[in-house]
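Please keep the viewer open beside this text and follow the stops in the order given, making each selection before reading on.

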Amino acid sequence: MTYDVIEEVTHSKELKDIKERCVTKGGRRDMCVAITEMKEESRKEGRKEGRLEAIINLMKNMKWSAEQAMTALDIPVEEWDLYKEKL
């Protein structure tokens, strides 16, 4: 019930995904697991935002290309397209 209210108020797709993964054997939802997963998702999103900000700053202040900035920040090449889409 609490999940459903929070999901409805926040319109959170991530919460819906987490909610589906946190169902116990008896069909109930484990709020502790869900909250832990939500916190981890928030941390990951914060790290991505921080990296994007760092890329932008390096491009602006150092006159570097996006590739140079991502190399300097040790961002894996596999993730470059994710950041380029947001520049």
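A salt bridge, as the term is used on this tour, is a side-chain nitrogen of Lys or Arg within 4 Å of a carboxyl oxygen of Asp or Glu. By this rule the count comes to four salt bridges, and the model in which they are found is a predicted one.

Begin with the whole protein chain in a cartoon view, where the secondary structure amounts to five helices and zero strands, following the pattern α-α-α-α-α along the sequence. If you then switch to a surface view, the accessible surface comes to about 6700 Å², of which 55% belongs to carbon and sulfur atoms. Of the 87 residues in the protein chain, 20% count as buried. Among the contacts with a separation of 6 or more, 27% are accounted for by residues 24 or more positions apart.

Next, select D17, which has its place in helix α2, residues 13–21, and which is partly exposed, with a relative accessible area of 29%. Add A34 to the selection and draw the C-alpha to C-alpha distance: D17 and A34 are 17 residues apart in sequence and 9.8 Å apart in space.

Now go to E40, R43 and R47, which are linked in a network of salt bridges. Within this group, R47 forms a salt bridge with E40, the closest N and O atoms being 3.3 Å apart. How accessible are the two partners? R47 is partly exposed at a relative accessible area of 47%, and E40 also counts as partly exposed, at 29% relative accessibility.

From there, select R51 together with E79, a salt bridge in which the closest N and O atoms are 2.9 Å apart. R51 lies in helix α3 (residues 31–62) and E79 in the loop between α4 (66–72) and α5 (80–84), so the pair ties together parts that are 28 residues apart in sequence. R51 is partly exposed, with a relative accessible area of 30%, while E79, at 27% relative accessibility, counts as partly exposed too.

For the last stop, select K84 and E67, which form a salt bridge with the closest N and O atoms 2.7 Å apart. Because K84 lies in helix α5 and E67 in helix α4, this pair ties together parts that are 17 residues apart in sequence. Colouring by accessibility would place K84 among the partly exposed residues, with a relative accessible area of 34%, and E67 likewise counts as partly exposed, at 30%.

Methods:
Residues numbered from 1 in each chain as written. Predicted model: local features only at pLDDT ≥ 70, side-chain atom pairs only at ≥ 80, totals over all residues. Heavy atoms only, no water. Helix = DSSP H or I, 4+ residues; strand = E, 2+ residues; numbered from the N terminus. Buried < 20%, exposed > 50% of the residue type's maximum accessible area, 1.4 Å probe, protein only. Contact = heavy atoms within 4.5 Å. Areas by Shrake-Rupley, 256 points an atom, 1.4 Å probe, with all protein chains shown as cover.
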